[in-house]
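Biologist: Please take a close look at the second largest pocket in this model, and at how its main contributing element is packed against a neighbour.

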Amino acid sequence: MSKRVGEYDFLKCVFILLMVAFHLVYISEKYPYAKELVYTFHVPAFLFLSGFLMNVDKKVLDFLRSMFWIFVPYVIMECGYVGMSAVLPVRERIDHLTFQVLVEKVLLHPMGPYWYLHTLLVSGVAYFGVWQLMRISKTLFPKLVVLSLVFAGLSYKVELLSPSSALYFVLGVSLKQTGVPFTSFFRASGWALIPFVLLAAYPVNFDRYTLPGLLITYLAICLVLAVYQLLPRFIQCFGEGIGRHSLLLLLFSPLFTMAVKPLVPVLSFDVTGMLFLVTSLCVTVIGCLGIGWGMDKLGMSRFFFGREKVLSPAE
């Protein structure tokens, strides 16, 4: 079993918490500018990490097994989300739920945060397939060219991926395959704050599929790594622990972002919304980890995640 890298888990922690924060309707409406900025880099950073960390040096059955145990929780939660969207007054409402609509959402156009798992599945299978078909090639460049063409087809022709998702995943793969260490490419530096602020000052830069969007994502990762280095070890460990379980937060956070809505009027005396935000994040993190703990205790994790325990200790 490979040793986990603390920096990767801490990055996952920061970006998954940002995802949860701006899935809170009250916060996203109160801070629309911050939401647009965060949406420029937090998902691209996750996709870059996913491409960088995905292991395709496996036997076919082993790789397909790993994809299957992403597919199972994805299908269960996506079906639940689509079903709830047909009965609850949410923004992504479905007026007439049919079996055909359900299949279309699950296989082609997922709703809610679960689109990320759909993208991960499509990207992972495409990446593995290209690497298997071109395994006799000893040079990297032709592989990356073919991979880029396949992802372009999946984006523009088949429309199973967004172009920006394909771009960041392929960039992550490219960095991994060239052998450049992650923390050598993304250098932790507080100086990254200056160009980050300058770019963030102009909303025209808030397009992840442009050069300014790429730079904002790069600088955001460098800044998070710089913060990581300054933190006491116990806070680093806390963040790493959340990052190790980012899948639980992705899967179950919608339950809690809806559940905390009644807290808005209760905490309305805080006009900044920060008390609501911190409370909601605590409830969401504890709740998601609690669900994972309960599934472990009840023996459900083996059927949902394909392993005995989803809550993993530090490695």
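**The second largest pocket and its helix**

Modeller: About 190 Å³ of space lies in the second largest pocket (an open set of points on a 1 Å grid over the protein atoms alone, where a 1.4 Å probe fits, with protein on both sides within 12 Å along at least five of seven lines; the volume is that filled by probe spheres set on the points, which are joined across faces, edges and corners). The model is predicted, with local features needing pLDDT of at least 70 and side-chain atom pairs 80 or more, while totals for chains, interfaces and linings use all residues. Residues are numbered from 1 along each chain, and side-chain values use heavy atoms, without hydrogens or water.

Lining the pocket, with an atom within 4 Å of a point, are F48, Y168, L171, S174, L175, T178, F185, F186, L214, T217, Y218 and I221. Two elements, α8 and α11 (211-230), each give two or more residues to this lining, and α8 has the largest share with 5 residues (helices are DSSP runs of H or I, at least four residues, numbered from the N terminus). By class, the lining has 9 nonpolar, 3 polar and no charged residues (Ala, Val, Leu, Ile, Met, Phe, Trp, Tyr, Cys and Pro are nonpolar; Asp, Glu, Lys and Arg charged; others, including Gly, polar).

Helix α8 (residues 163-178) also packs with helix α7 (residues 140-157), their axes coming within 9 Å and crossing at roughly 165° (lines fitted to C-alpha atoms over the stretch in contact, with angles from 0 to 180 degrees between N-to-C directions). The two helices are therefore roughly antiparallel (over 145 degrees). In α7, L140, L144, L147, S148, F151, S155 and Y156 meet P163, A166, F169, V170, V173, S174, Q177 and T178 of α8 (heavy atoms within 4.5 Å), a contact of 10 nonpolar, 5 polar and no charged residues. S174 and T178 of α8 thus appear both in this contact and in the pocket lining.

Note on methods: Angles under 35 degrees count as roughly parallel, over 145 as roughly antiparallel, 65 to 115 as roughly perpendicular and the rest as oblique.
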